[in-house]
Amino acid sequence: MEIEDLFKKKFYAYYMEKLNREKPLDYIFFDWKVFFLLIFVFVIGLALFLPQEFILVIPVLKSQSFILESILRTVSIFIGISFSFIILSFNIFYKYFGRYAFLDFFKSRSAKICFTLLTSTVALLIYSVSFINEVRVGNSYTNFLFIFSITLSITSSFSIFPCLIYLLRSSQNRKHILRLFEKLNEDWVINEFVAKMENQVQTFYQKDPINILNEIGLAAIKDYDNYTLELITDNINSFFETNIKNKTKKKGYIDFQRIYNKFDDLLSNYYHLSVKEKNENLATSIVYAQLKLEYIVINNIEDEDFNFLLIGKKYKFWNLNFTLEKFFKKAIQFNEDEVAKEILSGYNSFITNAIVKLYPENINYITSNRIDVITKSEIVTEPLGVLSKFAEILISSKKVHLFTEIFNTYYCVELKILELNTTNSTKCLLLNIVHNYKENTFQDYIELSEVKRITYLNFPFKHSATYYQKIDCKIPFLGSLNILDLLFAVNKLNAIAINQICIEIAMILQEKKNYELVEKGIEKLIDISKKIKDSDGEEKKDIYLKLLDNLKKLYQDAIDYQVVDTMKEKLKNAVESFESEAKFKQELKDNGYIRDERFR
């Protein structure tokens, strides 16, 4: 088989499949069953009751004129119906696509076909009637005019409704949105430049696809038309990716900075109205569209065309941070807590991926190059600063339940630090930085009067023993011991915090490698116990007993793990130093105090 024959075969097969898929016969406004039933009745009557022989002949001129005049009046009615349909279609188009209706609707081929068929039919009928009325004797030309007028009238009648129905359906077809994205090309950039040169910017903006997309999206938000807006946001990211690929393939493309800023402004406009309209689903989808746009950026950040997002030749999240901070404030302002939660969750996912992807390799921290390493680690420190800003917003608004997401983000960052391709000393420095941010946030959190007690999810100083085991980093563990002092100072130290710290001590004890850390943990527990006096309340006395319970468990662990005798002796002495055990237990029992019996 030749290439030409194969091409023809595939070509016709494609169009047959297209006809089967689009089903053009569905657009014909005609019931063929009823039509053939009437034809059948007419033929029966014709056969039974026609008094003379049935003969097909061209009517005389007078009859031709009468028939065509009748058809002309009917077609004139069709013109009115068509205009009503066109106006209806235009209103639907305008409802869904706003000002774009004035630019694109009247280019519709269906509307043009309707108008062309009707005006042509009317013009032909007027000419045919006038010509037939003027001649005295019929001839082949009058017969042609009569037959052609009848044929065109029938064709118009059968074609007008499919065109109008198609026009009505296409008026609300979201494919018009895709056409708007297709208008974002090099010509669009040139037109904007020329408009500025000729001082015709307002005229350009009336037809600007970005402005029209902005209007369509805002209208969709007000109408809770989630599908339209999601189609726009999906195409924003797909268009941005395609634009990058076009540059790679050396095809026509739009300047990355121009289109990035346009899309960034577009998403911001959508988001602010979505939150104001209390449309949580749309606001959340816009947040993730914004993050997806930034994912595309970091995946192509080495391209020199993205240098506009670099600060000092480094990507620092600045534009995304600024945008999400505005989003977060807006969500909190309008009490859209779920949207704020999704912002924190999405930012968590984004920064952890970015840290692994963009953190420089082969960095080795030593004391003398501390500043240099911290400077090169801004891919880690910049997001931590934003988390602090998020925390400040939550503190001022008293949205304490959202701190769980912030604390979870700190933990995820710590895990990603362990995955970095760098030295353990560098990882330890980074964990130290994270701990400092985390401690400051936690201190602000526990000082809030709305925080009555510390829960497991909101105690972010877990896994310090794991970090020590993996990279021999003591800082997270030592830092977590100081947290006990912070909690005790604000009367919020409870079983959860004590149990968690003691679990970390037990894990280090089991390693039998560094008893120094275990000793510091024991000293901290004893130090806190000495701060509890006979005059203190029942809750503090319960804390005293909880500290003792954990020390007893650690002593038993030391025996089970067969650690060195000196360590066992220290734990035994620590337990014996709690001289008020019996007294406090009796007081709590006499007062009917119900102790927190949760234990590790």
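# A tour of cavities, a disulfide and salt bridges

Domain 3 (316-451) and domain 4 (464-599) both contribute residues to the lining of the largest cavity, so this cavity lies between them. Keep in mind throughout that the model is predicted.

**Stop 1: the largest cavity**

Start by colouring domain 3 (316-451) and domain 4 (464-599) separately. How many cavities of 30 Å³ or more does a search of the whole structure find? The search finds two. Rolling a probe the size of a water molecule over the atoms shows where empty space is left.

Now select E414, L431, H435, K438, P460, F461, K462, H463, S464, Y467 and P476, which line the largest cavity. Two elements give two or more residues to this lining: α19 (424-446) and α20 (464-471). The volume of the largest cavity is about 70 Å³.

Which element gives the most to the lining of the largest cavity? That element is α19, with three residues. Colour the lining of the largest cavity by class, and five residues come up as nonpolar, three as polar and three as charged.

**Stop 2: the second largest cavity**

Next, select V75, F78, L118, S153, S156, S157 and I160. These residues line the second largest cavity, which holds about 40 Å³ of space.

Show the helices α3 (61-97) and α6 (140-170) as well, since each supplies at least two residues of the lining of the second largest cavity. The largest share comes from α6, with four residues. How does the lining of the second largest cavity divide by class? Four of its residues are nonpolar and three are polar, and there are no charged residues.

**Stop 3: the disulfide**

Return to helix α19 and select C428, then add C473. A disulfide joins C428 to C473, with 2.0 Å from S to S. The pair links distant parts of the chain: C428 sits in helix α19, while C473 is in the loop between α20 and α21 (475-489), 45 residues apart. The count for the model comes to one disulfide.

Turn the view to look along the S-S bond. The link of C428 and C473 is right-handed, with 70 degrees about that bond.

Are these two cysteines buried or exposed? C428 has a relative accessible area of 14%, so C428 counts as buried. C473 is buried too, because its relative accessible area is 0%. For another cysteine, select C502: this residue is buried, also with a relative accessible area of 0%.

**Stop 4: a salt bridge between distant parts of the chain**

A search of the whole structure finds 22 salt bridges. For one of them, select E378 and K316, whose side chains meet at 3.1 Å, N to O. E378 lies in helix α17 (residues 378-397) and K316 in the loop between β2 (314-315) and α14 (318-333), so the pair ties together parts that are 62 residues apart in sequence.

Where do these two side chains stand on the scale from buried to exposed? Buried means under 20% relative accessible area. E378, at 18%, is therefore buried, and K316, at 10%, is buried as well.

**Stop 5: salt bridges within a helix**

Move to helix α25 (residues 565-576) and select K568 and D565, which both lie in this helix. They are three residues apart, about one turn of the helix. Their side chains meet in a salt bridge, at 3.9 Å from N to O. K568 counts as partly exposed, at 22% relative accessibility. D565, at 58%, counts as exposed.

Go on to helix α26 (residues 581-590), where K585 and E581 both lie. Here the partners are four residues apart, again about one turn of the helix. The salt bridge between the side chains of K585 and E581 has an N to O distance of 3.2 Å. K585 is partly exposed, with a relative accessible area of 37%.

**Stop 6: a network**

For the last selection, take E192, K196, R258 and K262. What links these residues? They are joined in a network of salt bridges.

Key: Residues are numbered from 1 along each chain as its sequence is written. This is a predicted model: local features need pLDDT of at least 70, side-chain atom pairs count only at pLDDT 80 or more; totals for chains, interfaces and linings use all residues. Side-chain values use heavy atoms; hydrogens and water are left out. On a 1 Å grid over the protein atoms alone, a cavity is a set of points where a 1.4 Å probe fits but cannot get out, and a pocket is an open set with protein on both sides within 12 Å along at least five of seven lines; lining residues have an atom within 4 Å of a point. Grid points are joined across faces, edges and corners, and a volume is the space filled by probe spheres set on the points. Ala, Val, Leu, Ile, Met, Phe, Trp, Tyr, Cys and Pro count as nonpolar, Asp, Glu, Lys and Arg as charged, and the others, Gly among them, as polar. Domain bounds come from an automatic or database domain assignment. A disulfide is a pair of cysteine sulfur atoms within 2.5 Å. Buried means under 20% relative accessible area, exposed over 50%, partly exposed in between (1.4 Å probe, protein chains only). A salt bridge is a side-chain nitrogen of Lys or Arg within 4 Å of a carboxyl oxygen of Asp or Glu.
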